[in-house]
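This briefing walks through a protein model, topic by topic, for a reader who has the coordinates at hand. Please keep the structure open while reading.

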Amino acid sequence: MKYFRNITLLLGFIYVTSATKLKNTYNGRNENRTFPPEFLFGVATSAFQVEGGWNQGGRGWSMWDYEIKTDPGYISDGSKYEVAADSYNQYKRDVGLLKELGVNVYRFSLSWPRILPLGTPDYVNPEGIAYYNKLIDELLANGITPMITIYHWDLPLRLAELGGWLNEDIATWLGDYARVVYQNFGDRVKTWLTINEPFILCSLGYAFGTHAPRVISPGEDFYECGRNVLLAHARMYHIYHDEFKSQGGKVAVIISCDMALPLTDSLDDAEAAEDYFAFTLGQYAHPIFSPQGNYPQRLIDRVSRASSLQGYKQSRLRPFTPEQINYIRGTSDFFGLNSYSSYYVYRNDSLKERFAAPSFEDDMYIGTYTAPEWAIETSSWMYRYAPGLYNLLVYLKKVYNDPVIYITENGSSDKMGFYDEEKIAYYRGYLNAVLDAIDDGVDVRMYTAWSLMDTFEWNHGYSMRMGLYEMDIEDPNRPVFPRKSALVYKEIIRSRVIDPDYNPEPNDL
Ligand code: BGC
């Protein structure tokens with residue numbers, strides 16, 4: 001998880017010996033097992049990260065345009081986002097790549113300011129609608145199923161100025177936008193993802209201030225953002241099921257979660273793992289997927305206790321009303337999961353007095369540790385530990401009553417060039433973990449690789465290359481080249497087997 005890159009503590013180091021003794025339920029059974037015939041493979045991107053065309057076709061400004069354009073030092077490697085992968089102009093190239101890979105599904109997002117330049121449906125931009133119609137039609141003509149994320153972080157600037165995710169009206173704004181989208185594309189699109197990754201949206205955007213709108217309020221606005229995300233998601237879900245049921249599609253939220261493994265077998269570390277899940281997963285998943293709805297009790301209790309010790313008259317985690325609990329409960333037709341990394345978590349005296357101000361990290365009160373061998377050379381926050389995904393899938397099955405799970409993002413960065421061996425090891429390991437989970441009865445029905453081609457990685461710019469296809473960002477035409485991982489993924493999709501010995505060369509595509 002991107003946040004924990006900042007708080008991984010050296011202290012965990014002393015526990016590494018006991019950590020290695022931990023149960024490792026993953027067994028890497030990779031001898032020619034096949035993915036079930038109905039299992040789907042996809043790749044994903046998001047509008048702001050690939051479309052470019054920032055001022056083409058009547059697109060309005062998003063809060064990301066504003067943050068980048070008003071602070072030239074914001075993007076860590078100084079790279080530009082205005083053209084990105086140029087998918088706005090080169091969508092046919094993208095569909096060609098998808099066809100070459102043989103994927104069943106393409107998960108992409110709609111740019112809200114391209115469809116509604118001012119955020120509200122008073123003006124619907126016909127060129128925005130036309131662009132997505134062309135993309136959807138091209139996908140369908142090539143036998144690829146479109147799977148659309150309605151909100152992947154590019155909030156129209158005007159709505160950000162009105163308070164963005166801290167204004168309860170966001171539920172109305174998102175619902176109205178979703179209605180426009182269902183009306184225009186719902187005849188052909190049958191799988192809708194409402195909001196991408198509430199925890200990352202609210203922690204990076206409203207706690208730590210590394211993502212737009214760069215608010216730093218880890219103990220208050222972080223929770224308020226999450227609350228509004230849940231209400232907005234529920235509204236998008238209800239509008240579909242109340243007004244567009246005849247379209248016959250599915251609507252789900254995408255929840256991000258990385259695996260937490262207790263560092264030792266102490267009770268404190270087991271509690272630390274449960275609290276990690278309550279804050280990063282349960283805060284968003286429990287209100288939707290648990291039979292009783294509402295936040296997890298341990299989240300409610302921890303924030304309320306900390307708030308009262310800090311002199312607050314009420315909890316910094318504002319409670320839902322009974323009507324809101326009912327409104328949110330059950331509003332996802334499957335579990336959309338984005339997952340990348342794993343952590344050992346612990347709780348001991350070394351954590352005391354780490355935070356001066358109210359903060360969700362302080363409320364959660366855990367330390368994290370990652371094993372050196374999990375490190376990924378090209379990333380400061382990602383860790384490769386495939387058994388973590390297996391354990392997470394089993395955990396979700398247990399805690400949320402055996403949901404249908406679509407893995408909507410998973411992947412890693414690597415260095416430039418064809419031979420992206422680290423990424424290939426990542427994909428093979430994680431796909432084996434998916435097979436292990438399926439063997440053990442977890443209902444995983446789809447795997448989506450992030451990403452199709454190198455994407456603009458938000459505040460990291462192009463310093464992290466996650467594409468199956470490499471893109472030349474110096475060339476205005478943005479040519480793309482398959483990496484070895486593209487060939488390996490293609491072969492897995494074709495054969496439905498993970499062959500550890502398949503070793504393609506550049507001209508094998
Ligand atoms: C986001 C993507 C991002 C990816 C890799 C996910 O959290 O949904 O937009 O590119 O992580 O950083």
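Which residue in strand 3 does Val 105 stand opposite? Val 105 stands opposite Thr 145 in that strand. The model is a predicted one, with a mean pLDDT of 94 for the protein and 93% of the residues reaching 70 or more.

**Confidence**

- Residues 5-26 have a pLDDT below 50, although this stretch makes 44 contacts in the model beyond its near neighbours in sequence.
- Where pLDDT is low, the predicted coordinates should not be read in detail.

**The barrel**

- A barrel is closed by 8 strands in the order 1-2-3-4-5-7-10-11, and the pairing is parallel; on average, and with direction ignored, neighbouring strands of this sheet are turned by 25° against each other.
- Helix 11, which covers residues 267-289, packs on this sheet and touches strand 5 and strand 7, and its direction makes about 160° with that of strand 5.
- Helix 16, formed by residues 421-439, lies across strand 1 (40-44), strand 10 and strand 11, and runs at about 170° to strand 11.

**Strands 2, 3 and 4**

- Strand 3, residues 145-151, is mostly covered, with 6 of its 7 residues buried.
- Strand 2 (residues 105-109) runs parallel to strand 3 and is joined to it by 5 bridges.
- On strand 3, Thr 149 has Leu 193 of strand 4 as its bridge partner, and strand 3 and strand 4 (residues 191-196), which run parallel, are joined by 4 bridges.

**Strands 5, 7, 10 and 11**

- From strand 7 (residues 335-338), Phe 335 and Leu 337 point one way while Gly 336 and Asn 338 point the other way, and all of them are buried. In a regular strand, the side chains alternate between the two faces of the sheet.
- Strand 5 (residues 250-256) is joined to strand 7 by 3 bridges in a parallel arrangement, and Ser 256 stands opposite Asn 338 of strand 7.
- Strand 7 is also joined to strand 10 (residues 405-409), by 4 bridges and again running parallel; here Asn 338 stands opposite Glu 409 of strand 10.
- Strand 10 pairs in the parallel sense with strand 11 (residues 444-450) over 3 bridges, and Ile 405 stands opposite Val 444 of strand 11.

**The open sheet**

- An open sheet of 3 strands follows the order 6-8-9 with mixed pairing. Strand 6 (259-262) and strand 9 (367-369) stand at its edges, and each has a single partner strand, so one side of each is left without a neighbour in the sheet.
- From one strand to the next, the twist of this open sheet averages 40°.
- Strand 6 and strand 8 (residues 342-346) pair in the parallel sense over 4 bridges, and the bridge partner of Pro 262 in strand 8 is Val 345.
- Helix 11 packs on this sheet too, touching strand 6 and strand 8, with its direction at about 165° to that of strand 6.

**Asp 454**

- Asp 454 lies in the loop between strand 11 and strand 12 (469-471), and with 0% relative accessibility this residue counts as buried, because the cut-off for buried is under 20% relative accessible area.
- The side chain of Asp 454 reaches the backbone nitrogen of Gly 467 at 2.9 Å, and the same side chain makes a polar contact with the side chain of Arg 483 at 2.8 Å.
- When neighbours within four places in sequence are left aside, the residues in contact with Asp 454 include Tyr 462, Arg 465, Met 466, Tyr 469 and Glu 470.

**Helix 17**

- Helix 17 (residues 484-495) has 12 residues and reaches 17 Å from its first C-alpha to its last, which is close to the 16 Å expected at 1.5 Å a residue.
- Of the 12 residues of helix 17, 9 are buried, so the helix is largely enclosed by the rest of the structure; among them are Leu 487, Val 488, Tyr 489, Ile 492 and Ile 493.
- The buried residues of helix 17 pack against strand 1, helix 4 (91-101), helix 16, strand 11, strand 12 and strand 13 (480-482).
- Helix 17 is followed by Arg 496, whose phi is positive, near 60°.

Conventions. Residues numbered from 1 in each chain as written. Predicted model: local features only at pLDDT ≥ 70, side-chain atom pairs only at ≥ 80, totals over all residues. Heavy atoms only, no water. Buried < 20%, exposed > 50% of the residue type's maximum accessible area, 1.4 Å probe, protein only. Helix = DSSP H or I, 4+ residues; strand = E, 2+ residues; numbered from the N terminus. Pairing = 2+ DSSP bridges. Axes fitted to C-alpha atoms, helices over the stretch in contact; angles between N-to-C directions. Contact = heavy atoms within 4.5 Å. Polar contact = N/O pair within 3.5 Å; in protein donor to acceptor, adjacent residues only side chain to side chain. pLDDT = per-residue confidence, 0-100. Expected span 1.5 Å × (residues − 1).
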